[in-house]
Amino acid sequence: WLQRHHLITITAFNEYSIGSEVYEDPYFLTIDERDKILALELSDAKLQVAQDIFKFQTFMGARISDLYDLRRDNITADGYIEFIADKTIIENPRTIRIPMRKEVKEVIEKYKDLPEDRLFPYLDKQTYNELLRELIVKAGIMRKVSILDKLTMKEEKKYIWEVFSSHKVRKTFIAACKRKGIPNST
């Protein structure tokens, strides 16, 4: 574009091409593994908050950035949480309407007195990801997964707790829906 509009004359990149994106097979927690994390009895306050956010996210399926933006006014009178996903707000803005399961309602009730009408306490994303990994270890989940090393383009085997993140919680939600036969369009 810059060359076509005569805004740049450097041609060093003419020989360079960007290949297609390479994706690895998704990995996620099974329903049994999810339930092991939810069943943990924890004394550490931060781990409890991470467990509650995990519970909320694993039954909502939303991206962590969208969850952190939710407030009480996103809750509808008929028991849904409504929001417009931040990632698609520019290209495809549409309201997402998710029914609140009892697990989500439990988290909301537990933290009903938070300031700014937050639905749960705030943990920065890095801390949340670290605590998720700790929860997996505490639950005794020692399964290995195959990941793609993006530098070498070779398969590596890692324990799921080493590579798990809030994005994998979203995939856990999606996989659980697929196992229950919920259509892709839903």
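**View A. The crossing of helix α2 with helix α4 is left-handed, meaning that the near helix is turned anticlockwise from the far one by less than a right angle, a clockwise turn being right-handed.** The model is predicted, so that local features need pLDDT of at least 70 and side-chain atom pairs count only at pLDDT 80 or more, while totals for chains, interfaces and linings use all residues. Residues are numbered from 1 along each chain as its sequence is written, and side-chain values use heavy atoms, with hydrogens and water left out. Helix α4 covers residues 102-110, and its axis lies 8 Å from that of α2 at an angle of about 140 degrees (lines fitted to C-alpha atoms, for helices over the stretch in contact, with angles from 0 to 180 degrees between N-to-C directions). The pair is therefore oblique, given that under 35 degrees counts as roughly parallel, over 145 as roughly antiparallel, 65 to 115 as roughly perpendicular and the rest as oblique. D52, K55 and F56 of α2 make the contact with E103, V104, E106, V107, I108 and K110 of α4, contact meaning heavy atoms within 4.5 Å. By class this contact has four nonpolar, no polar and five charged residues (Ala, Val, Leu, Ile, Met, Phe, Trp, Tyr, Cys and Pro are nonpolar, Asp, Glu, Lys and Arg charged, and the others, Gly among them, polar).

**View B. Helix α2 meets helix α5 (residues 125-138), the two axes coming within 9 Å and crossing at roughly 90 degrees.** This angle makes α2 roughly perpendicular to α5. On the α2 side the contact is formed by K46, L47, A50, Q51, I53, F54 and Q57, and on the α5 side by T127, Y128, L131, L132, E134, L135 and K138. These residues divide into eight nonpolar, three polar and three charged.

**View C. Helix α2 (residues 45-58) also packs against helix α7 (residues 166-179), with axes that come within 9 Å and cross at roughly 40 degrees.** The two helices are therefore oblique to each other, and α2 passes α7 in a right-handed crossing. From α2 the contact draws on F54, Q57 and T58, which face S166, V169, R170, T172 and F173 of α7. Three nonpolar, four polar and one charged residue make up the contact.

**View D. Strands β3 (residues 144-149) and β4 (residues 154-159) run antiparallel and are joined by six bridges, where pairing requires that DSSP finds at least two bridges between the strands.** One of the partnerships links L148 to E155 in β4. The strands form a hairpin with four residues between them, and M153 in the turn has a positive phi of about 60 degrees.

**View E. The setting of these close-ups is a protein of seven helices and four strands, helices (H or I, at least four residues) and strands (E, at least two) being DSSP runs numbered from the N terminus.** Along the sequence the order is α-α-α-β-β-α-α-β-β-α-α. The C-alpha trace spans about 60 × 40 × 35 Å along its principal axes.
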